[in-house]
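Biologist: Before I use any labels on this chain, I want to see what stands behind them. Please put up the sequence and the structure.

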Amino acid sequence: NFEGLWGATKKALSADLAALEAKLGAARSGLEKSGLAGAELASARKALERAARLQRFVRDAHGEHNVYLASKALRESDRLMSEAVGKAKAALPDTSGLPMVSGSYCATLCHEKVGVKVPPETVKHSGKTMPHKMHSDMMGCVNCHDIGGHKKVPLLKGVEAKCQECHPK
């Protein structure tokens, strides 16, 4: 049953956009107070303008029509803001847990409503059983998966290196 998915997607997208717009405001403010100048300041401002354009695109194009593209655009906006203000060392809200940024929107917006359990409790990878749900709750989906479309969530190339950060051999 897909009833309610459209409305839930619009609502989630709107909430995530509001949080990202607040982050953009904090990024702009932090950047102006940072003391950065010259090419560094110009580069950071350009990145923030691109982040703002991506947010406007998702809002104005009604991102609920293509949630995968909307999520990808919002993840890029989030990355640009964090990177642009990184050198300025300004404090920004943590938006990594937002459904559209973390990739958890698949599980929370769609699968939960139609009764599909995603993520599974455990998965097998490289011959080992991994506590999948625990990892996805802790880090979000896009840290390990490339979410490209419905049922298209392959592991990122080199994901094993990411695992090594916490689980050295």
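Biologist: Which residues touch the most other members of the largest nonpolar core?

Modeller: Leu31, Leu48, Val58 and Leu74 do, in a core of 28 residues. Helices α1, α2, α3 and α4 each supply at least two residues of this core. This is a predicted model, in which local features need pLDDT of at least 70 and side-chain atom pairs count only at pLDDT 80 or more, while totals for chains, interfaces and linings use all residues. Residues are numbered from 1 along each chain as its sequence is written, and side-chain values use heavy atoms, with hydrogens and water left out.

Biologist: What makes a set of residues a nonpolar core?

Modeller: The members must be buried Ala, Val, Leu, Ile, Met, Phe, Trp, Tyr or Cys, joined through side-chain atoms within 4.5 Å. Buried means under 20% relative accessible area, exposed means over 50%, and partly exposed lies in between (1.4 Å probe, protein chains only). In soluble globular proteins, nonpolar side chains tend to be buried together.

Biologist: What is leucine 31 in contact with, leaving aside its neighbours within four places in sequence?

Modeller: Leu36, Leu41, Ala44, Arg45, Leu48, Ala84 and Ala88. Contact means heavy atoms within 4.5 Å.

Biologist: How does the reach of α2 agree with the span expected of a helix?

Modeller: α2 (residues 38-60) has 23 residues and reaches 33 Å from its first C-alpha to its last, close to the expected 33 Å. The expected span is 1.5 Å times one less than the number of residues. Helices themselves are DSSP runs (H or I, at least four residues), as are strands (E, at least two), numbered from the N terminus.

Biologist: Which helices do the buried residues of α2 pack against?

Modeller: α1 (5-32) and α3 (67-86). Among the buried residues of α2 are Leu41, Ala44, Leu48, Gln55 and Val58.

Biologist: Why is histidine 62 called partly exposed?

Modeller: Its relative accessible area is 43%, so histidine 62 falls between the buried and exposed limits. Histidine 62 is in the loop between α2 and α3, and has a positive phi of about 55 degrees although it is not a glycine.

Biologist: Why does lysine 89 count as exposed?

Modeller: Because its relative accessibility is 73%, and the label requires over 50%. Lysine 89 is in the loop between α3 and α4. Its phi is also positive, about 55 degrees, although lysine 89 is not a glycine.

Biologist: Why is glycine 97 called exposed?

Modeller: Its relative accessible area is 58%, so glycine 97 passes the limit for exposed. Glycine 97 is found in the loop between α3 and α4 (99-102). Glycine 97 and aspartate 16 are 81 residues apart in sequence and 9.8 Å apart in space, C-alpha to C-alpha.

Biologist: How do you know that aspartate 16 has no salt bridge?

Modeller: A salt bridge is a side-chain nitrogen of Lys or Arg within 4 Å of a carboxyl oxygen of Asp or Glu. For aspartate 16, which is buried, the nearest side chain of opposite charge is arginine 75, 9.5 Å away, so the criterion is not met. Lys and Arg count as positive and Asp and Glu as negative; His and the chain ends are not counted. Aspartate 16 is in helix α1 and touches Leu98, Pro99, Met100 and Val101, not counting residues up to four places away in sequence.
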